[in-house]
Amino acid sequence: MSHGPRSGLAAVSSALLAMSRHLEVRDVLKTIVASARELLDAQYAALGVPDDHGGFAQFVVDGVGDDQWKAIGPLPRQHGILAAMLREATPQRLADVRRDPRFEGWPSAHPDLVDFLGLPVRDGDEVIGALFLANKKCSKPEGTCGFTEDDEELLAILAQHAAIALTNARLYERSRELTIAEERSRLAHELHDAVSQKLFSLRLTAQAAARLVDRDPSRAKDELQQVAGLAAEAVDELRAVVVELRPAALDEDGLVATLRTQVQVLDRAHTARVTFTCHGVRALPAAQEEAVLRVAQEALHNALRHSGCEHVDVTLERRGGGAVLRIDDDGSGFDPRVVRHAGRHLGLVSMRDRASGVGGRLTVESAPGKGTTIEMEVPGG
(Lines give C-alpha, C1' and ligand atoms only; values in the text may rest on other atoms or scores of the structure.)
Protein backbone atom coordinates (compact mmCIF):
# COMPACT_ATOMS: atom_id res chain seq x y z
CA MET A 1 0.00 0.00 0.00
CA SER A 2 1.26 3.49 -0.79
CA HIS A 3 -0.33 5.63 1.91
CA GLY A 4 2.18 5.44 4.75
CA PRO A 5 1.81 3.80 8.16
CA ARG A 6 -1.82 4.88 8.66
CA SER A 7 -2.94 2.42 5.98
CA GLY A 8 -0.98 -0.49 7.48
CA LEU A 9 -2.51 -3.64 8.91
CA ALA A 10 -3.08 -2.05 12.33
CA ALA A 11 -5.10 0.80 10.82
CA VAL A 12 -7.16 -1.54 8.65
CA SER A 13 -7.73 -3.85 11.61
CA SER A 14 -8.91 -0.91 13.74
CA ALA A 15 -11.37 0.15 11.05
CA LEU A 16 -12.80 -3.35 10.67
CA LEU A 17 -13.15 -3.80 14.43
CA ALA A 18 -14.93 -0.45 14.66
CA MET A 19 -17.43 -1.57 12.02
CA SER A 20 -18.24 -4.80 13.82
CA ARG A 21 -18.54 -3.09 17.21
CA HIS A 22 -21.80 -1.29 16.38
CA LEU A 23 -25.22 -2.93 16.14
CA GLU A 24 -27.33 0.01 14.98
CA VAL A 25 -27.43 0.42 11.19
CA ARG A 26 -26.88 4.19 11.31
CA ASP A 27 -23.82 3.80 13.55
CA VAL A 28 -22.39 1.15 11.24
CA LEU A 29 -22.81 3.41 8.21
CA LYS A 30 -21.11 6.33 9.97
CA THR A 31 -18.18 4.14 11.03
CA ILE A 32 -17.72 2.80 7.50
CA VAL A 33 -17.52 6.22 5.83
CA ALA A 34 -15.30 7.73 8.54
CA SER A 35 -12.91 4.76 8.38
CA ALA A 36 -12.76 4.85 4.57
CA ARG A 37 -12.08 8.59 4.45
CA GLU A 38 -9.31 8.38 7.05
CA LEU A 39 -7.60 5.29 5.65
CA LEU A 40 -7.54 6.55 2.07
CA ASP A 41 -6.85 10.19 3.01
CA ALA A 42 -9.81 11.64 1.11
CA GLN A 43 -11.58 14.94 1.68
CA TYR A 44 -15.06 13.44 1.37
CA ALA A 45 -16.67 10.04 1.84
CA ALA A 46 -20.27 8.86 1.56
CA LEU A 47 -22.33 5.68 1.64
CA GLY A 48 -25.85 5.38 0.30
CA VAL A 49 -28.31 2.56 0.96
CA PRO A 50 -30.79 2.47 -1.93
CA ASP A 51 -34.53 2.19 -1.54
CA ASP A 52 -37.00 0.71 -4.02
CA HIS A 53 -38.22 4.07 -5.31
CA GLY A 54 -35.18 5.50 -7.08
CA GLY A 55 -33.78 7.22 -4.00
CA PHE A 56 -31.82 6.31 -0.89
CA ALA A 57 -33.27 4.96 2.34
CA GLN A 58 -30.14 6.20 4.13
CA PHE A 59 -27.25 8.37 3.00
CA VAL A 60 -24.31 9.09 5.31
CA VAL A 61 -21.48 11.53 4.57
CA ASP A 62 -18.18 12.35 6.24
CA GLY A 63 -16.24 15.57 5.59
CA VAL A 64 -19.30 17.80 5.16
CA GLY A 65 -20.42 20.03 8.04
CA ASP A 66 -23.99 20.04 9.37
CA ASP A 67 -24.81 23.51 8.00
CA GLN A 68 -23.51 22.67 4.54
CA TRP A 69 -25.35 19.34 4.55
CA LYS A 70 -28.62 21.11 5.36
CA ALA A 71 -27.96 23.67 2.62
CA ILE A 72 -27.43 20.92 0.03
CA GLY A 73 -31.08 19.90 0.39
CA PRO A 74 -32.83 16.56 -0.20
CA LEU A 75 -30.95 13.28 -0.45
CA PRO A 76 -29.62 12.45 -3.92
CA ARG A 77 -31.55 10.25 -6.31
CA GLN A 78 -30.17 7.14 -8.00
CA HIS A 79 -28.76 8.82 -11.09
CA GLY A 80 -25.44 9.48 -12.79
CA ILE A 81 -22.37 7.78 -11.30
CA LEU A 82 -24.31 6.56 -8.25
CA ALA A 83 -26.82 4.79 -10.48
CA ALA A 84 -23.98 3.19 -12.46
CA MET A 85 -22.39 1.86 -9.28
CA LEU A 86 -25.70 0.35 -8.16
CA ARG A 87 -26.84 -0.92 -11.55
CA GLU A 88 -23.57 -2.21 -13.00
CA ALA A 89 -22.04 -3.21 -9.64
CA THR A 90 -18.57 -2.22 -10.84
CA PRO A 91 -15.89 0.05 -9.33
CA GLN A 92 -15.65 3.62 -10.61
CA ARG A 93 -12.25 5.40 -10.50
CA LEU A 94 -12.30 8.78 -12.24
CA ALA A 95 -9.82 11.63 -12.61
CA ASP A 96 -12.65 14.19 -12.68
CA VAL A 97 -16.19 13.08 -11.97
CA ARG A 98 -17.52 16.30 -13.51
CA ARG A 99 -16.17 15.35 -16.94
CA ASP A 100 -17.77 11.91 -16.99
CA PRO A 101 -20.63 11.71 -19.54
CA ARG A 102 -22.91 10.26 -16.85
CA PHE A 103 -22.45 13.26 -14.55
CA GLU A 104 -25.74 15.13 -14.05
CA GLY A 105 -24.70 17.97 -11.75
CA TRP A 106 -25.42 18.70 -8.11
CA PRO A 107 -27.03 21.44 -5.95
CA SER A 108 -25.28 24.81 -5.63
CA ALA A 109 -24.29 24.19 -1.99
CA HIS A 110 -22.73 20.82 -2.86
CA PRO A 111 -18.93 20.68 -2.49
CA ASP A 112 -16.87 20.34 -5.67
CA LEU A 113 -15.83 16.73 -6.19
CA VAL A 114 -12.98 16.05 -8.60
CA ASP A 115 -11.13 12.73 -8.48
CA PHE A 116 -13.50 9.99 -7.44
CA LEU A 117 -13.36 6.36 -6.27
CA GLY A 118 -16.55 4.39 -5.74
CA LEU A 119 -17.50 0.76 -5.18
CA PRO A 120 -20.77 -1.09 -4.73
CA VAL A 121 -21.35 -2.76 -1.36
CA ARG A 122 -22.61 -6.27 -2.09
CA ASP A 123 -24.26 -8.98 -0.04
CA GLY A 124 -23.92 -11.95 -2.35
CA ASP A 125 -25.57 -10.96 -5.62
CA GLU A 126 -27.49 -8.08 -4.04
CA VAL A 127 -26.10 -4.55 -4.10
CA ILE A 128 -27.01 -3.08 -0.73
CA GLY A 129 -25.08 0.18 -0.92
CA ALA A 130 -22.72 2.49 -2.80
CA LEU A 131 -19.51 3.60 -1.04
CA PHE A 132 -17.44 6.38 -2.54
CA LEU A 133 -14.60 8.79 -1.82
CA ALA A 134 -13.67 12.07 -3.47
CA ASN A 135 -10.79 14.55 -3.57
CA LYS A 136 -7.70 12.55 -2.63
CA LYS A 137 -5.41 14.68 -0.44
CA CYS A 138 -2.23 14.41 -2.46
CA SER A 139 -0.39 16.25 -5.22
CA LYS A 140 -1.49 15.04 -8.63
CA PRO A 141 -0.91 16.27 -12.18
CA GLU A 142 -3.81 17.98 -13.97
CA GLY A 143 -6.33 15.50 -15.33
CA THR A 144 -5.13 12.51 -13.31
CA CYS A 145 -6.78 10.61 -10.48
CA GLY A 146 -5.17 10.72 -7.07
CA PHE A 147 -6.74 7.41 -6.13
CA THR A 148 -4.58 4.42 -7.06
CA GLU A 149 -5.14 0.72 -7.69
CA ASP A 150 -3.94 0.13 -4.12
CA ASP A 151 -6.66 2.49 -2.91
CA GLU A 152 -9.23 0.57 -4.90
CA GLU A 153 -8.07 -2.72 -3.40
CA LEU A 154 -8.22 -1.32 0.11
CA LEU A 155 -11.67 0.17 -0.44
CA ALA A 156 -12.82 -3.21 -1.82
CA ILE A 157 -11.73 -4.86 1.45
CA LEU A 158 -13.62 -2.23 3.43
CA ALA A 159 -16.70 -2.67 1.22
CA GLN A 160 -16.70 -6.43 1.79
CA HIS A 161 -16.53 -6.03 5.55
CA ALA A 162 -19.02 -3.17 5.38
CA ALA A 163 -21.51 -5.56 3.76
CA ILE A 164 -21.04 -8.03 6.62
CA ALA A 165 -21.35 -5.34 9.30
CA LEU A 166 -24.40 -3.77 7.64
CA THR A 167 -26.13 -7.15 7.21
CA ASN A 168 -25.45 -8.05 10.85
CA ALA A 169 -26.82 -4.69 12.03
CA ARG A 170 -29.98 -5.17 9.97
CA LEU A 171 -30.45 -8.68 11.37
CA TYR A 172 -29.97 -7.33 14.90
CA GLU A 173 -32.58 -4.61 14.39
CA ARG A 174 -35.06 -7.09 12.89
CA SER A 175 -34.52 -9.57 15.73
CA ARG A 176 -35.05 -6.80 18.27
CA GLU A 177 -38.25 -5.74 16.53
CA LEU A 178 -39.48 -9.34 16.64
CA THR A 179 -38.54 -9.62 20.30
CA ILE A 180 -40.41 -6.43 21.10
CA ALA A 181 -43.46 -7.62 19.15
CA GLU A 182 -43.45 -10.94 21.00
CA GLU A 183 -43.12 -9.12 24.33
CA ARG A 184 -46.05 -6.83 23.45
CA SER A 185 -48.16 -9.87 22.60
CA ARG A 186 -47.28 -11.54 25.90
CA LEU A 187 -48.12 -8.42 27.88
CA ALA A 188 -51.39 -8.00 26.00
CA HIS A 189 -52.41 -11.50 27.10
CA GLU A 190 -51.40 -10.70 30.68
CA LEU A 191 -53.40 -7.49 30.55
CA HIS A 192 -56.46 -9.31 29.28
CA ASP A 193 -56.20 -12.18 31.78
CA ALA A 194 -55.42 -10.13 34.87
CA VAL A 195 -57.38 -6.93 34.43
CA SER A 196 -60.44 -8.33 32.65
CA GLN A 197 -60.96 -10.88 35.44
CA LYS A 198 -60.84 -8.12 38.04
CA LEU A 199 -63.28 -6.01 36.05
CA PHE A 200 -65.67 -8.96 35.63
CA SER A 201 -65.66 -9.53 39.40
CA LEU A 202 -66.15 -5.83 39.97
CA ARG A 203 -69.19 -5.79 37.71
CA LEU A 204 -70.83 -8.75 39.44
CA THR A 205 -70.18 -7.27 42.90
CA ALA A 206 -71.60 -3.90 41.84
CA GLN A 207 -74.75 -5.63 40.55
CA ALA A 208 -75.12 -7.47 43.85
CA ALA A 209 -74.73 -4.21 45.77
CA ALA A 210 -77.41 -2.57 43.64
CA ARG A 211 -79.89 -5.33 44.50
CA LEU A 212 -79.15 -5.01 48.23
CA VAL A 213 -79.38 -1.23 48.54
CA ASP A 214 -83.09 -1.16 49.45
CA ARG A 215 -83.54 -4.33 51.49
CA ASP A 216 -80.15 -4.67 53.25
CA PRO A 217 -78.15 -1.41 53.22
CA SER A 218 -75.50 -2.80 55.56
CA ARG A 219 -74.64 -5.68 53.22
CA ALA A 220 -74.82 -3.32 50.25
CA LYS A 221 -72.21 -1.14 51.95
CA ASP A 222 -69.93 -4.18 52.38
CA GLU A 223 -70.35 -5.07 48.72
CA LEU A 224 -69.51 -1.49 47.66
CA GLN A 225 -66.35 -1.61 49.77
CA GLN A 226 -65.44 -4.78 47.93
CA VAL A 227 -66.07 -2.95 44.62
CA ALA A 228 -63.62 -0.27 45.70
CA GLY A 229 -61.03 -2.91 46.59
CA LEU A 230 -61.40 -4.70 43.27
CA ALA A 231 -61.12 -1.41 41.39
CA ALA A 232 -57.89 -0.59 43.23
CA GLU A 233 -56.47 -4.02 42.37
CA ALA A 234 -57.40 -3.56 38.72
CA VAL A 235 -55.62 -0.19 38.68
CA ASP A 236 -52.50 -1.78 40.22
CA GLU A 237 -52.53 -4.59 37.65
CA LEU A 238 -52.94 -2.11 34.81
CA ARG A 239 -50.17 0.13 36.13
CA ALA A 240 -47.77 -2.83 36.38
CA VAL A 241 -48.43 -3.84 32.78
CA VAL A 242 -48.10 -0.26 31.52
CA VAL A 243 -44.72 0.03 33.23
CA GLU A 244 -43.62 -3.14 31.42
CA LEU A 245 -44.78 -1.64 28.14
CA ARG A 246 -42.15 1.12 28.31
CA PRO A 247 -40.41 0.78 24.94
CA ALA A 248 -37.30 -1.39 25.13
CA ALA A 249 -35.49 0.87 22.68
CA LEU A 250 -36.16 3.84 24.96
CA ASP A 251 -34.45 2.11 27.87
CA GLU A 252 -31.51 0.98 25.76
CA ASP A 253 -30.93 3.94 23.44
CA GLY A 254 -32.56 6.96 25.07
CA LEU A 255 -35.17 9.34 23.69
CA VAL A 256 -33.15 11.03 20.93
CA ALA A 257 -31.89 7.82 19.30
CA THR A 258 -35.30 6.13 19.61
CA LEU A 259 -37.12 9.08 18.02
CA ARG A 260 -34.55 9.30 15.22
CA THR A 261 -34.92 5.57 14.46
CA GLN A 262 -38.72 5.71 14.44
CA VAL A 263 -38.69 8.75 12.13
CA GLN A 264 -36.32 6.95 9.74
CA VAL A 265 -38.62 3.91 9.68
CA LEU A 266 -41.69 6.06 8.99
CA ASP A 267 -39.83 8.00 6.30
CA ARG A 268 -39.10 4.74 4.48
CA ALA A 269 -42.60 3.35 4.99
CA HIS A 270 -44.64 6.36 3.78
CA THR A 271 -44.63 8.51 0.67
CA ALA A 272 -44.52 11.64 2.83
CA ARG A 273 -41.07 12.96 3.78
CA VAL A 274 -40.46 12.62 7.53
CA THR A 275 -37.46 14.36 9.09
CA PHE A 276 -35.99 14.65 12.59
CA THR A 277 -33.82 17.41 14.07
CA CYS A 278 -32.43 17.55 17.59
CA HIS A 279 -30.74 20.49 19.36
CA GLY A 280 -28.89 20.00 22.63
CA VAL A 281 -31.35 17.69 24.40
CA ARG A 282 -29.97 15.86 27.42
CA ALA A 283 -31.38 12.74 29.03
CA LEU A 284 -34.72 13.35 30.74
CA PRO A 285 -36.39 11.41 33.56
CA ALA A 286 -37.91 8.13 32.35
CA ALA A 287 -41.51 9.33 32.71
CA GLN A 288 -40.86 12.46 30.63
CA GLU A 289 -39.02 10.54 27.91
CA GLU A 290 -41.84 8.03 27.59
CA ALA A 291 -44.49 10.78 27.48
CA VAL A 292 -42.59 12.64 24.75
CA LEU A 293 -42.18 9.46 22.71
CA ARG A 294 -45.87 8.50 23.02
CA VAL A 295 -47.04 11.97 21.99
CA ALA A 296 -44.64 11.95 19.04
CA GLN A 297 -45.98 8.55 17.95
CA GLU A 298 -49.61 9.70 18.20
CA ALA A 299 -48.95 12.96 16.36
CA LEU A 300 -46.99 11.21 13.59
CA HIS A 301 -49.73 8.61 13.21
CA ASN A 302 -52.32 11.38 12.81
CA ALA A 303 -50.25 13.29 10.29
CA LEU A 304 -49.31 10.30 8.14
CA ARG A 305 -52.67 8.48 8.25
CA HIS A 306 -55.21 11.28 8.25
CA SER A 307 -53.81 14.62 7.07
CA GLY A 308 -52.69 13.80 3.52
CA CYS A 309 -49.42 15.64 4.18
CA GLU A 310 -46.31 15.62 2.01
CA HIS A 311 -43.87 16.62 4.76
CA VAL A 312 -43.69 16.07 8.52
CA ASP A 313 -40.90 17.69 10.52
CA VAL A 314 -40.12 16.45 14.04
CA THR A 315 -37.96 18.74 16.18
CA LEU A 316 -36.69 18.08 19.69
CA GLU A 317 -34.79 20.86 21.41
CA ARG A 318 -33.56 21.75 24.84
CA ARG A 319 -35.42 24.40 26.84
CA GLY A 320 -34.01 25.12 30.27
CA GLY A 321 -33.58 21.80 32.02
CA GLY A 322 -36.33 20.19 29.96
CA ALA A 323 -37.23 19.78 26.31
CA VAL A 324 -39.72 20.84 23.66
CA LEU A 325 -41.11 18.44 21.06
CA ARG A 326 -42.59 19.96 17.91
CA ILE A 327 -44.34 18.12 15.06
CA ASP A 328 -45.20 20.18 11.97
CA ASP A 329 -47.10 18.81 8.99
CA ASP A 330 -48.32 20.43 5.78
CA GLY A 331 -51.51 18.38 5.66
CA SER A 332 -55.20 19.25 5.53
CA GLY A 333 -55.38 20.62 9.07
CA PHE A 334 -58.59 21.11 11.07
CA ASP A 335 -60.42 23.71 13.13
CA PRO A 336 -59.18 23.51 16.75
CA ARG A 337 -62.38 25.21 17.89
CA VAL A 338 -64.22 22.00 17.12
CA VAL A 339 -62.55 20.60 20.21
CA ARG A 340 -64.89 17.75 21.06
CA HIS A 341 -64.89 15.97 17.69
CA ALA A 342 -61.36 16.73 16.53
CA GLY A 343 -59.86 16.23 19.98
CA ARG A 344 -61.28 12.76 20.37
CA HIS A 345 -60.65 11.74 16.76
CA LEU A 346 -57.01 12.81 16.74
CA GLY A 347 -56.12 11.64 20.25
CA LEU A 348 -55.52 15.21 21.43
CA VAL A 349 -57.14 14.50 24.78
CA SER A 350 -54.78 11.61 25.52
CA MET A 351 -51.79 13.65 24.31
CA ARG A 352 -52.72 16.51 26.65
CA ASP A 353 -53.16 14.03 29.48
CA ARG A 354 -49.70 12.59 28.84
CA ALA A 355 -48.17 16.05 28.85
CA SER A 356 -49.91 17.21 32.02
CA GLY A 357 -49.15 13.88 33.70
CA VAL A 358 -45.43 14.69 33.67
CA GLY A 359 -45.83 18.38 34.52
CA GLY A 360 -45.75 19.54 30.92
CA ARG A 361 -48.13 21.20 28.51
CA LEU A 362 -49.35 20.59 24.97
CA THR A 363 -50.46 23.19 22.43
CA VAL A 364 -52.08 22.65 19.05
CA GLU A 365 -52.14 25.07 16.13
CA SER A 366 -54.09 24.16 13.02
CA ALA A 367 -56.48 25.47 10.40
CA PRO A 368 -58.25 23.84 7.45
CA GLY A 369 -55.77 23.60 4.58
CA LYS A 370 -52.93 25.06 6.69
CA GLY A 371 -51.41 21.98 8.28
CA THR A 372 -50.98 21.26 11.98
CA THR A 373 -48.35 22.04 14.59
CA ILE A 374 -48.28 20.14 17.87
CA GLU A 375 -45.86 21.33 20.55
CA MET A 376 -45.19 19.60 23.83
CA GLU A 377 -42.97 21.07 26.56
CA VAL A 378 -41.79 18.98 29.49
CA PRO A 379 -39.61 19.91 32.46
CA GLY A 380 -36.33 18.20 33.28
CA GLY A 381 -35.45 16.28 36.39
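**Exercise 1. Which helices and strands each supply at least two residues of the lining of the largest pocket?**

Let's work it out on this predicted model.

- Step 1: Start with the helices. H2 (25-39), H3 (66-72) and H7 (248-269) each supply at least two residues of the lining.
- Step 2: Add the strands, S2 (56-62) and S6.
- Step 3: See who gives the largest share. That's S6, with seven residues.
- Step 4: Go to the pocket itself. Its volume is about 1,600 Å³, and of the 38 residues lining it, Arg 26, Trp 69, Leu 75, Arg 273 and Thr 275 are the closest to its centre.
- Step 5: Sort the lining by character. You get 16 nonpolar, ten polar and twelve charged residues.

**Exercise 2. Find the strand that pairs with S6 (residues 273-279), and follow the chain from one to the other.**

- Step 1: Look next to S6. Strand S7 (residues 311-319) pairs with S6 in the parallel sense, over seven bridges.
- Step 2: Trace the path. From S6 the chain goes through helix H8 (residues 286-306) to S7, and this β-α-β crossover is left-handed.
- Step 3: Pick out partners. Arg 273 has His 311 of S7 as its bridge partner, while Thr 275 sits opposite Asp 313 in S7.

**Exercise 3. Put the strands of the sheet that holds S6 in order, and name its edges.**

- Step 1: Read across the sheet. This open sheet of five strands goes S6-S7-S8-S10-S9, with mixed pairing.
- Step 2: Check the ends. S6 and S9 (361-366) are the edge strands, each pairing on one side only.
- Step 3: Check the twist, which averages 10° from one strand to the next.
- Step 4: Look for a helix on the sheet. H10 (residues 348-357) packs there, touching S9 and S10 (372-378), and its direction makes about 145° with that of S9.

**Exercise 4. Why is one side of S2 and of S3 (92-94) left without a neighbour in the sheet?**

- Step 1: Lay out the strands. Another open sheet of five strands runs S2-S1-S5-S4-S3, with antiparallel pairing.
- Step 2: Look at the ends. S2 and S3 stand at the edges with a single partner strand each, so one side of each has no neighbour in the sheet.
- Step 3: Zoom in on S3. Three bridges join S3 to the antiparallel S4 (residues 116-123), and Arg 93 stands opposite Leu 117 in S4.
- Step 4: Add the helices. H4 (residues 80-88) packs on the sheet and touches S1, S2, S3, S4 and S5. H2 lies across S1 (42-50), S2 and S5 (126-136), at about 40° to S2.

Terms used. Residues numbered from 1 in each chain as written. Predicted model: local features only at pLDDT ≥ 70, side-chain atom pairs only at ≥ 80, totals over all residues. Heavy atoms only, no water. Pairing = 2+ DSSP bridges. Helix = DSSP H or I, 4+ residues; strand = E, 2+ residues; numbered from the N terminus. Right-handed = clockwise from strand over helix to strand, strands pointing away. 1 Å grid on protein atoms, 1.4 Å probe; cavity = no way out; pocket = protein on both sides within 12 Å on 5 of 7 lines; lining within 4 Å. Points joined across faces, edges and corners; volume = space filled by probe spheres on them. Nonpolar A, V, L, I, M, F, W, Y, C, P; charged D, E, K, R; others polar. Contact = heavy atoms within 4.5 Å. Axes fitted to C-alpha atoms, helices over the stretch in contact; angles between N-to-C directions.
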